[in-house]
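Welcome! Take a moment to turn the model around on your screen, and then let us walk through it together.

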Amino acid sequence: MNAGLFRLAVIGSRSAYGRLAGIAGGVAVGVCLLLLLWGGANGLQGRDDRGAWLREQGMPAFSDAPDGSGLAKPIPLTPETALMKTRGTEIFRDQLIERRDFAALPSANVKIPGVGTPPEPGSYFASPELQRLIESTPGDQLGNRFGEFAGTISDSALPGPDSLVVITGAEEAELRGSGTASLVSNFTSNPYGGSAAGYTTVLIIGAIAVFFPVLLLISIVTGLGAAQRRERFATLRLIGASPRTVSHIAAVEIAIPSLIGAMAGVLAAALLSPATAQIPVNGTRMFVEDLRTGWFGAVTVVAVVVAASALVAAVRTARADVGPLGVSRVVHEKRPTAWRTVPLLLGLACMAAAVVLIRILEFRLPWLESPLLVGGFLMVLAGIVPFGLSLNAAAGDHF
């Protein structure tokens, strides 16, 4: 590409700087929002994964066969098992405390997430936030019910920094006498049970719903200064530049500020992550690390946004078909025909089919439900924009 042509196209006037700054700013906002929402989705997934062990129900602590007295025979503890009593949630000052009581043999190999070996009877492990609450509250109101403090639960086993979780040690006879204890040997890592596939589908649809407005934003900001660009592109055509060359110049012209804006958006997302983590979701905040997408996620977003920006600019310039006299070929929007409504109608049909399978027929096919919902949502997004533009054009022609 001729450097002189590129300088003439990009920095031919002072207004070009403002336009390029506007494009960079718009892309920066879009990338920042996308990374924060992506990080939020990842954070919710990570939060649920860390708290999955709290959903462990364990196995029966008594066998079905009664002993000589006619009572259920207890299943003895082994080094690979522990007794767990799930008290559910205790309420203190309108705050919910997740409590689990454990009894195990001295030689137990069972590892409790975030703690390790079960605590000794009369001692407890607490989440950092709960321990701060215990230390700031008279013992007869809260701390005495748990016993002696043995340590804090690691963040790796807590849904969030506000989580109130306590693990206490108890005697085996005490837990067996309650009649509600169960045997555990390991802890589940699936926080959703049978709904895991459905939760993943919702996350995918949410990611698509977030990315689509960002693409629309890119399309809008690349149209800034369309009149000035048309004049400069006409000048390029007048001095001999081909339509292909003009499209390439337009793509590079947008790609450079888009890259700058995308990098600024990555920096802004990193700076705003601590503030975003303070927003409570379902009663608890997220750790700042939950909102980090990592370098791979940031590079992926930057690459996709820059490529999409350049592609949109090249396509729009090619469609405008600016001639050497500054005249653009008029592109009339077509009336909505049956062919243009196919993606929209097909997408709606796929989503409706998934609803019929799940709600009406109650016929669960996870391998089919997710593709129907995600694919249908994609087709609706792909079909609704051209269909809406066609309707608008048809209404304009009518009136």
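A good place to begin is E98, which is partly exposed, with a relative accessible area of 26%. This value comes from a predicted model. E98 counts as partly exposed because its area lies between the 20% limit for buried residues and the 50% limit for exposed ones. Its salt-bridge partner is R100, and R100 is buried, at 4% relative accessibility.

**Salt bridges**

Side chains of opposite charge can pair when their charged atoms come close. A search of the whole structure finds six salt bridges, and the table shows three, including the pair you have just met.

| Salt bridge | Closest N to O | Burial |
|---|---|---|
| E98 and R100 | 3.1 Å | E98 partly exposed; R100 buried |
| D101 and R99 | 3.0 Å | D101 buried, R99 buried |
| D290 and R50 | 2.9 Å | D290 buried, R50 buried |

The salt bridge between D290 and R50 links distant parts of the chain: D290 sits in the loop between α7 and α8, whereas R50 belongs to helix α2, 240 residues apart.

**The chain as a whole**

Now step back for the wider view. The chain has 10 helices and nine strands. Of its 399 residues, 38% are buried. The chain exposes about 21300 Å², with carbon and sulfur atoms supplying 64% of that area. If you look at contacts between residues at least 6 apart in sequence, 76% of them join residues at least 24 apart.

**Nonpolar cores**

In soluble globular proteins, nonpolar side chains tend to be buried together. Here the largest nonpolar core has 19 residues, and the members that touch the most others are V27, V31, A262 and V301. Helices α2 (14–50), α7 and α8 (294–320) each supply at least two residues of this core. What does A262 contact, leaving aside its neighbours within four places in sequence? The residues are V27, V31, V302 and V306. A second, separate core holds 16 residues, among them I112, L158, V165 and V184.

**A serine in helix α7**

Our last stop is S273, in helix α7 (residues 243–276). Is S273 buried or exposed? S273 is buried, because its relative accessible area of 3% is under the 20% cut-off. The S273 side chain reaches the backbone oxygen of A269 at 2.7 Å. Beyond its neighbours within four places in sequence, S273 is in contact with L36, V288, L291 and R292.

Conventions: Residues numbered from 1 in each chain as written. Predicted model: local features only at pLDDT ≥ 70, side-chain atom pairs only at ≥ 80, totals over all residues. Heavy atoms only, no water. Helix = DSSP H or I, 4+ residues; strand = E, 2+ residues; numbered from the N terminus. Buried < 20%, exposed > 50% of the residue type's maximum accessible area, 1.4 Å probe, protein only. Contact = heavy atoms within 4.5 Å. Areas by Shrake-Rupley, 256 points an atom, 1.4 Å probe, with all protein chains shown as cover. Polar contact = N/O pair within 3.5 Å; in protein donor to acceptor, adjacent residues only side chain to side chain. Core = buried A, V, L, I, M, F, W, Y, C linked by side-chain atoms within 4.5 Å. Salt bridge = Lys/Arg side-chain N within 4 Å of Asp/Glu carboxyl O.
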